[in-house]
Each structure stands twice: as structure tokens, then as C-alpha cells.
Amino acid sequence: MGVVTRVVQAMLVLGVGAAALLLVSRHWPASSLEQQTRTALEAPRHWPGSNAWADWLFIARDELDVDGRQAALALHVAEVARWQQQRQTLLRQHAGKDLDTVLLPGPPSLGLGRAPQVPAALDACVFGTPQACLAAVRGSLAAATQWRADHAGYLDRVAGLSAHGHLASPYPRPHALLVLHHPLMARPATHGRIAQAVAYLHGDLATALTGACHDLRTARMLATHSDSHLATQQGARGLELGAQWVATLAGDWPAATPLPAACDGVAAPLPVEAVSAC
């Protein structure tokens with residue numbers, strides 16, 4: 001019994017000591033790095049360029065042009081705001097009640113369309129190395145060429161994402177990530193890689209490298225100028241894979257010839273201030 005008592009007393013002393021240490025540490029002066037990080041997190045965000053959200057969200061909708069995608073997004077944002085107000089009203093009306101008995105409306109639906117299905121023979125372009133992707137496309141070149149032709153409009157929209165400067169949700173908080181997951185999980189950059197491999201194997205290295213640089217620029221935008229941790233993660237992964245892909249294609253580019261204009265600055269190291277605080 002005496003041993004148990006001493007153990008309990010020791011644990012209490014450690015707990016009190018830890019609590020006191022945490023309390024005192026709140027008043028320690030912050031390091032310069034901590035101060036810079038806090039300033040960056042608390043400062044208002046100034047997003048560069050245009051917002052990719054509408055084009056990213058509706059990237060699989062072939063029937064919508066640029067204006068149509070913006071209009072569809074504006075309509076859905078307004079519907080989400082009304083839905084949020086309805087939920088808050090119902091929650092106030094049923095305050096103190098068991099919420100399991102309250103029928104809360106679900107979020108308004110949004111037709112995102114379906115991203116093109118990648119043939120199983122080309123899965124290496126989604127999950128594999130550049131060499132594995134090229135080998136897979138080489139082994140199914142006719143099918144991959146037809147796949148690229150069938151989804152030309154979609155692939156143009158994927159490349160067009162690189163023209164935007166940031167990805168920031170227009171939805172009212174706390175539902176900002178309401179529909180973000182769908183286009184992110186579709187991994188559109190990997191679809192572009194199939195088309196670029198087709199171009200490369202047909203001898204059109206300029207088109208392949210241009211597309212690869214567009215996708216790498218999109219990854220830089222997601223990794224550095226997004227308000228979503230999920231998008232930042234996707235961008236960081238895209239930077240890693242995209243840099244390998246560009247390097248593979250550029251290895252066959254004539255040394256004395258400038259790279260395509262789309263590649264200007266795309267492989268430059270990220271400045272420290274551009275790296276997401278996440």
C-alpha cells in the first residue's frame with residue numbers, strides 16, 4: 001500500500017509540475033521564428049492572381065464554359081448560405097433537445113460531373129514513376145491515344161488551371177470545404193500525365209513538356225496559395241511527382257534550345273515565405 005501511495009504522490013507532483021511549467025511558458029518571450037510564424041498566420045491573406053475554385057470544382061463538366069462555371073458556383077454558394085441559415089434557425093428552435101430527433105436539411109446538391117476513368121492499363125501514370133508511366137502508355141499506345149482524343153476538352157481545362165494564382169473557397173464558414181474533396185481526389189494532373197506521355201511517344205516533345213510544366217505550375221499554386229490543408233498536401237505531392245516528370249521529359253530536350261515558355265520559372269526553388277504554414 002505504501003508503494004502505491006508513493007507512486008500516486010509522484011504522479012501528482014509531476015502533473016502539478018508540468019501544469020506550472022506550461023503556465024510559466026506562456027509568459028516566456030517568443031523566439032524570432034515563433035514571432036514570424038504568428039505574424040504570418042494572423043496577417044490578412046493577399047491572394048495573387050485569379051481564383052481557380054470554379055474551374056477546379058467543375059473541371060469535369062464539359063458543357064460549361066468559363067462563364068457557366070462561375071455562374072454555377074455563385075448559385076451554389078448562395079444556396080449553401082441559405083442552407084446554413086436554415087440549420088442555424090432549426091438548431092436555435094430546438095435548443096436543449098436531443099438533436100437525433102431533429103430533422104436537419106442536408107447540404108444542397110451540386111452536379112460536379114465525373115472525371116474521366118483511367119484505363120487499368122495506365123494506372124502507372126496515376127501512382128507510378130515517370131518511367132513506369134511511359135512504359136504503361138507505350139504498351140497501350142493506341143488505347144491511350146484514343147483516350148486523350150476522347151477527353152481533349154477536359155485535358156485542356158486541366159492545363160488551364162495553371163493560369164490561376166490561388167485556390168480559395170468562396171463558401172461561408174464553417175462549410176468552406178464542403179465540396180473540395182471531389183476534384184482533389186480525382187487527381188487531374190495525373191490525367192494530364194497520360195496525355196503528355198502520348199505526345200512524347202508520338203515524338204511531340206514540345207507539347208508533352210508544355211503540358212507537364214502547366215501541371216507543375218498548378219501544383220506550386222496549390223502548395224503555396226491555398227486556404228485548404230488538403231489542397232496544400234495535394235500540391236506538395238504534385239510538386240514532387242511533377243518535378244520528376246518534367247525532369248524526365250526535359251532530359252531529351254536539345255541542350256541548346258530554350259525550354260517551352262510554359263516552363264519559365266516553374267522549377268525555381270520555393271521561397272521560404274511562399275511555403276504554407278501548414
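Let's start at a linker: Asp 204 sits in the loop between α10 and α11. This is a predicted model, and the protein it shows has 12 helices and 0 strands. Below is a tour that goes from this loop to the helices beside it, then on to the salt bridges and a loop residue elsewhere in the chain.

**Asp 204 and the helix that follows**

- Asp 204 is partly exposed, with a relative accessible area of 34%.
- The side chain of Asp 204 makes a polar contact of 2.6 Å with the side chain of Thr 207.
- Helix α11 covers residues 205–224, and its end C-alpha atoms are 28 Å apart, which agrees with the 28 Å that its 20 residues should span at 1.5 Å a residue.
- How much of α11 is buried? This helix is mostly covered, with 15 of its 20 residues buried.

**Overall picture**

- Read along the sequence, the pattern is α-α-α-α-α-α-α-α-α-α-α-α.
- Of the 278 residues in the protein, 35% are buried.
- Taking contacts between residues at least 6 apart in sequence, 77% join residues at least 24 apart.
- The accessible surface of the protein is about 15900 Å², and carbon and sulfur atoms account for 61% of that surface.

**Arg 193, a buried charge**

- Arg 193 belongs to helix α10, which runs over residues 188–201.
- Which side chain of opposite charge is nearest to the buried Arg 193? That side chain is Asp 215, 6.2 Å away, and Arg 193 has no salt bridge. The distance is beyond the 4 Å cut-off for a salt bridge, so the pair is not counted as one.
- A polar atom of the Arg 193 side chain does lie 3.1 Å from the backbone oxygen of Cys 125.
- Beyond its neighbours within four places in sequence, Arg 193 is in contact with Cys 125 and Cys 133, along with Asp 215, Leu 241 and Trp 245.

**Helix α4 and its cover**

- Helix α4 has 28 residues, and the distance from its first C-alpha to its last is 41 Å, close to the 40 Å expected at 1.5 Å a residue.
- At the N-terminal end of α4, Asp 65 acts as a cap: one of its side-chain oxygens lies 3.3 Å from the backbone nitrogen of Asp 67.
- The buried residues of α4 are Gly 68, Arg 69, Leu 73, His 76, Val 77, Val 80, Trp 83 and Gln 84.
- Helices α3 and α8 are included in what covers these buried residues of α4.

**Salt bridges**

- The structure holds 4 salt bridges, and the bullets here go through some of them.
- Arg 69 pairs with Asp 55 in a salt bridge whose closest N and O atoms are 2.7 Å apart. The pair links distant parts of the chain, with Arg 69 in helix α4 and Asp 55 in helix α3 (residues 53–57), 14 residues apart.
- Are Arg 69 and Asp 55 buried or exposed? Arg 69 is buried because its relative accessible area is 7%, and Asp 55 is also buried, at 15%.
- Arg 157 forms a salt bridge with Asp 62, and here the closest N and O atoms are 2.5 Å apart. Arg 157 lies in helix α8 (residues 152–160) and Asp 62 in the loop between α3 and α4, so this pair ties together parts that are 95 residues apart in sequence.
- Arg 157 is buried, with a relative accessible area of 15%, whereas Asp 62 counts as exposed at 55% relative accessibility.
- Glu 240 and Arg 237 form a salt bridge with closest N and O atoms 2.9 Å apart. These two residues are 3 apart in helix α12 (residues 229–250), so about one helical turn separates them.
- Glu 240 is partly exposed, with a relative accessible area of 42%, and Arg 237 is partly exposed too, at 38%.

**Ser 109, out in a loop**

- Where is Ser 109? Ser 109 lies in the loop between α4 (66–93) and α5 (124–127).
- With a relative accessible area of 68%, Ser 109 is exposed.
- Leaving out residues up to four places away in sequence, Ser 109 touches His 76 and Glu 79.
- Ser 109 and Glu 79 are 30 residues apart along the chain, and their C-alpha atoms are separated by 9.3 Å.

Conventions. Residues are numbered from 1 along each chain as its sequence is written. This is a predicted model: local features need pLDDT of at least 70, side-chain atom pairs count only at pLDDT 80 or more; totals for chains, interfaces and linings use all residues. Side-chain values use heavy atoms; hydrogens and water are left out. Helices (H or I, at least four residues) and strands (E, at least two) are DSSP runs, numbered from the N terminus. Buried means under 20% relative accessible area, exposed over 50%, partly exposed in between (1.4 Å probe, protein chains only). Contact means heavy atoms within 4.5 Å. Accessible areas come from the Shrake-Rupley method with a 1.4 Å probe; for residues, only the protein chains shown count as cover. Lys and Arg count as positive and Asp and Glu as negative; His and the chain ends are not counted. A polar contact is a pair of N or O atoms within 3.5 Å; within protein, one must be able to donate a hydrogen and the other to accept it, and residues adjacent in sequence count only if both atoms are side-chain atoms. The expected span of a helix is 1.5 Å times one less than its number of residues.
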